[in-house]
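The report below describes one chain, moving from single residues to strands, the sheet and a pair of helices. Please keep the sequence and the coordinates at hand while reading.

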Amino acid sequence: MFGHGGTVQILVKRIYEWTKTEQRLRRLGLFVMGNNCSHLGIPPAKGPYPVGCTDFMLDHTAHGSFFRLYYPCQESDKAEKPDWVPCREYFNGLADFMKINRAFSERIFNYLFGSYKIPAYMDAPFKADEKCPVVIFSHGLGAFRTLYSAICAELASRGFIVASVEHRDESSSATYYYREKTEEEKAKPSVPKNCASDPDHLIKVWMYYRALKHGESEFPVRNKQVKQRADECILALERLEEINSGRPLQNVLKTEFDWTTLENSMDLCRLAVMGHSFGGATAIEALCKEVKFKCGIALDAWMFPLDEEIFPRVKQPIFFINSERFQWAGNISRMRKLNSAVIQRKMITIRGTVHQSFPDFTFLTGNWIGKLMKLKGEIDPELAIDLSNKASLAFLQRHLGLEKDFNQWDPLIDGEDENLIQGTNVIQSSI
C-alpha cells in the first residue's frame with residue numbers, strides 16, 4: 001500500500017518521538033487535520049443506490065475466504081456506518097508494517113483516524129432493481145479489506161456487488177482467522193468477547209504483516225504471495241457463486257445481514273477483478289488463472305511480483321490507471337509487455353497524483369502533512385478518485401456489456417481530460 005515508502009516511516013517515527021505528551025498530541029491532531037478539518041472524511045458514493053456493507057468469513061481457518069461485501073441496499077434509519085478501521089489490532093498491524101512502536105498506533109493512529117466511518121451502512125438489507133455485476137477487489141501491501149471504501153462504495157452505488165478481499169498471505173498489515181477451542185479452554189468460564197461477531201466455540205488468531213528477513217530475496221516471497229492472493233480472489237468468487245445459487249453456507253461472523261437475500265442477485269456472466277499496487281498485480285495473476293473474469297483494472301500496479309511468463313496467457317482486457325509520481329520505467333515496461341494487437345489494453349495517468357491517491361488515507365489528512373507523508377498529491381483527492389472511478393465504470397461497461405450510462409465517461413479511458421495523460425508520464429529508454 002505504501003509502496004517503497006521508507007521516507008514515510010522515518011517521518012512517522014519522528015512524529016512519534018515528538019508527541020509524547022497529551023498537549024503535543026492535541027497539537028498534532030490540529031496539524032495533521034489542517035485548517036479545513038471539518039471537510040475531512042471519506043467522500044460519499046455518488047451513484048443512485050444507497051450502499052450497504054457486511055463481512056463474510058466462510059470457513060474459520062486461515063484457508064477460508066474473508067471479505068467485506070459492498071452492495072446496493074434499502075435505506076434504513078436503523079443502519080449505522082461502521083468504523084473505517086475495525087479494531088485496534090489493525091492499528092497495531094499498520095505500526096508493524098511501518099516499523100514503529102505499537103504504542104504509536106494505539107495512541108496516534110486512533111486519535112487521528114479512529115473516528116472515521118465507512119461511507120456505507122453496516123448489514124443494511126440488500127436491494128437492487130436487477131441482477132448485479134460483480135467485482136472482486138484486492139488491496140495493496142500492508143493494507144486490509146476496509147481501506148479502499150471510497151472505490152468499493154462508489155461501484156456499489158452504481159449497481160455492482162463488490163467483494164473486498166482481506167488477504168491471508170502475510171501481506172496485510174493485519175488480518176485474523178479462528179481456531180477451535182481446546183478441551184481445557186472449553187472448560188474455563190467464558191470471558192467477555194472483544195467483538196460481538198466472534199463465535200463462542202472459536203478463538204481468534206491474529207496474523208500480521210511478514211517483513212522480509214535480512215538478506216532474503218524479495219521476488220520468491222512476493223511471487224508466492226501474489227499467487228496465493230489470486231487464489232483468494234478466485235475463492236471469494238466461488239463463495240459468491242454458492243451464495244447466489246442459494247446453497248446453505250455458514251458465515252463464521254455473527255452479523256445481522258440476511259445473506260439469503262443475495263440468492264439469484266448476481267450476474268455471474270459479468271465479472272471483473274480490480275486492485276491497487278500489489279492488488280493490481282494480483283488482478284493480473286487472477287485474470288491468468290480464472291477466465292470467468294471478463295476484464296481487470298489495475299490501479300497503480302506494482303508489477304514486480306509477477307512472472308513474465310504468464311503475460312501471454314492473459315486474454316482479457318486490462319485497464320492500467322496510474323499515478324503521476326509512483327511509476328518508473330521498469331514497471332511501465334512490464335505493463336507494456338501485456339500489450340496486444342487484438343485484446344484491449346489501456347493505460348492512463350492521473351496528473352498530480354501519488355501512490356496513496358487511491359486508498360482512503362488520502363481523504364483523512366490536511367493538505368500540508370498529507371503531502372509531506374505522500375498521502376496526497378497536488379490534485380484535489382476527491383477529483384482524482386472521481387476520475388479513476390468514472391474511467392473504471394466506463395471500462396467495465398464496455399467489457400462487461402452493461403446497459404448503463406457509464407459510456408458518457410468513455411473519453412476518460414483514452415486520457416481525454418485536462419487532468420489525465422494518455423499512457424504514461426514516465427520517459428522510457430528506446431534502447
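In which loop is His60 found? His60 is found in the loop between E1 and E2, in what is a predicted model. With a relative accessibility of 18%, His60 counts as buried, because the cut-off for that class is under 20%. When residues up to four places away in sequence are not counted, His60 touches Tyr177, Tyr178, Arg179, Glu180, Leu202 and Val252.

The chain as a whole holds twelve helices and twelve strands, and buried residues make up 58% of its 431 residues. Of the contacts in the chain with a separation of 6 or more, 76% are accounted for by residues 24 or more positions apart.

**The hairpin and strand E2**

Strands E1 and E2 form a hairpin with six residues between them, and Asp59 in the turn has a positive phi of about 90°. Within the hairpin, Leu58 has Ser65 of E2 as its bridge partner. On its other pairing, with E5, E2 places Phe67 opposite Val165.

How many of the eight residues of strand E2 are buried? Eight of the eight are, so strand E2 (residues 65–72) is largely enclosed by the rest of the structure. In a regular strand, side chains alternate between the two faces of the sheet. In E2 both faces are covered: Ser65, Phe67, Leu69 and Tyr71 are buried on one side, and Phe66, Arg68, Tyr70 and Pro72 are buried on the other.

**The sheet**

Ten strands form an open sheet of mixed pairing, in the order E3-E1-E2-E5-E4-E8-E9-E10-E11-E12. The edge strands are E3 (121–122) and E12 (420–422), each of which pairs on one side only. At the E12 edge, Ile348 has Gln422 as its bridge partner. Three of the strand pairings are set out in the table.

| Strand pair | Residue ranges | Sense | Bridges |
|---|---|---|---|
| E1 and E2 | E1: residues 51–58 | antiparallel | eight bridges |
| E2 and E5 | E5: residues 161–165 | antiparallel | four bridges |
| E11 and E12 | E11: residues 345–350 | antiparallel | three bridges |

**Ser171 in the loop after E5**

Ser171 lies in the loop between E5 and strand E6 (174–180). Is Ser171 buried or exposed? Its relative accessibility is 0%, and Ser171 therefore counts as buried. The side chain of Ser171 makes a polar contact with the side chain of Asp169 at 2.6 Å, and another polar contact links the Ser171 side chain to that of Arg229 at 3.0 Å. Arg229 also belongs to the residues in contact with Ser171 once neighbours within four places in sequence are left aside; the others are His139, Gly140, Leu141, Gly142, Ala143, Tyr209, Gln225 and Phe278.

**A pair of helices**

Two packed helices are described by the angle between their axes and the distance between the axes. Helix H5 (residues 149–157) packs against helix H11 (residues 381–400) at an angle of about 45°, and the axes are 11 Å apart. That angle makes H5 oblique to H11, and the crossing of the two helices is right-handed. Where they meet, H5 contributes Ala150, Ile151, Glu154 and Leu155, while H11 contributes Ile385, Asn389, Leu393 and Leu396.

Technical notes. Residues numbered from 1 in each chain as written. Predicted model: local features only at pLDDT ≥ 70, side-chain atom pairs only at ≥ 80, totals over all residues. Heavy atoms only, no water. Buried < 20%, exposed > 50% of the residue type's maximum accessible area, 1.4 Å probe, protein only. Pairing = 2+ DSSP bridges. Polar contact = N/O pair within 3.5 Å; in protein donor to acceptor, adjacent residues only side chain to side chain. Contact = heavy atoms within 4.5 Å. Axes fitted to C-alpha atoms, helices over the stretch in contact; angles between N-to-C directions. Parallel < 35°, antiparallel > 145°, perpendicular 65-115°, else oblique. Left-handed = near helix turned anticlockwise from the far one by under 90°.
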